[in-house]
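Colleague: Could you walk me through the empty spaces and one helix pair here? I'd like to hear what stands behind each label.

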Amino acid sequence: MKHHLVKTFCAAAMLLAASAAAQAEYPERAITLVVPTAAGGGNDVLARVVGQKVGELLGQTVIVVNKPGAQGAIASDFVARQPADGYTLMLGYIGTHGINPAMQKLNYDPVKDFTPIGMVADSPTIMVVSKRIPVKDVAGLVKYGHEHPDGLNFASAGPGTAPAIAGELFNQATGLAMLDVPYKGSAPALNDTLAGVTQVMFPSLFSVYPHLKSGAIQAVAVAGSNRIAALPELPTLAEVGVAGVDVPQWYAIFAPAKVEPAVVVKLNKALNQALSDPVVATKIAEQGAEVRRSTPAELGAFVQSEAVRWKQLADKRKLAAR
């Protein structure tokens, strides 16, 4: 009996040692970072900036893969079903882990099916209008919209995304009936707004900031509770009399559920080190976003609170993905 216990103890010790060694060696190969939107948008740029630095810190390549569609559900569902080994990550955002789950039945649970790694950045939602229409501010847009009931539409990254929700809330608050024109991501939606195919959009500042700086598009308000440092003269919608359109956008890294704690710690440490790098922080700021670091536990608690907040708002305002 004693001999058997000794053998069992030795076997268990060997397994623990092997597990510890495997975790210590992570990562042994390239890591895939899935972006749930089309290439070229703000999410994609953010993933590439952060992914490159995280890869350098971990000594492996971080390969960015775009899986747009279904308002982020395709990418989310894909990542949730990958092995929990830390080699598949996802740049989640307010749509995939906040709005979308509150508005429709999905094949994934934003809390149960993911391991939170850490926050990445925040970026306010900005209301912009095409320079092809004679509008300079929110009051002018509302007047124009009522005078031309069939002359306004707004581009979104798809039903259930932050730009779509902001547009719908704006319609409700102003009595307008702007048509939502959905795209497979913010990049193509913004391109058509720049070209005047669509007239209005509610992108993240991260997505639209370069075009604002170049003067290619007109910002008329912040769809949030506070003015922003990057555009201090730009009023909030509430300040110009349009209440209830508060859609702050955020970005974070997730992995499939049940990733080993040691791997999570390693990834979170590399992510926060990357975000602390002045070059990375500057690149993010130049695009109109602000670095936001967190522990995995803090991100997990935040996602749970977002799920509650958006479900309550969707029920109250009768919002649903079309």
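**Pocket, cavity and a helix pair**

Modeller: Sure: the largest pocket holds about 340 Å³ of space. Among its 22 lining residues, Asp-122, Ser-123, Pro-124, Ile-228 and Glu-290 are the closest to its centre. This is a predicted model, where local features need pLDDT of at least 70 and side-chain atom pairs 80 or more, while totals for chains, interfaces and linings use all residues. Residues are numbered from 1 along each chain as its sequence is written, and side-chain values use heavy atoms, without hydrogens and water.

Colleague: What makes a space a pocket or a cavity?

Modeller: On a 1 Å grid over the protein atoms alone, a cavity is a set of points where a 1.4 Å probe fits but cannot get out; a pocket is an open set with protein on both sides within 12 Å along at least five of seven lines, and lining residues have an atom within 4 Å of a point. A volume is the space filled by probe spheres set on the points, which are joined across faces, edges and corners. The largest cavity comes to about 110 Å³.

Colleague: Why is α2 called roughly antiparallel to α10?

Modeller: Helix α2 (residues 42-58) and helix α10 (residues 278-286) pack at an angle of about 180°, their axes 10 Å apart. Over 145 degrees counts as roughly antiparallel, so α2 gets that label against α10. Leu-46, Val-49, Val-50 and Lys-53 of α2 meet Val-280, Lys-283 and Ile-284 of α10, contact being heavy atoms within 4.5 Å.

Conventions:
Axes fitted to C-alpha atoms, helices over the stretch in contact; angles between N-to-C directions. Helix = DSSP H or I, 4+ residues; strand = E, 2+ residues; numbered from the N terminus. Parallel < 35°, antiparallel > 145°, perpendicular 65-115°, else oblique.
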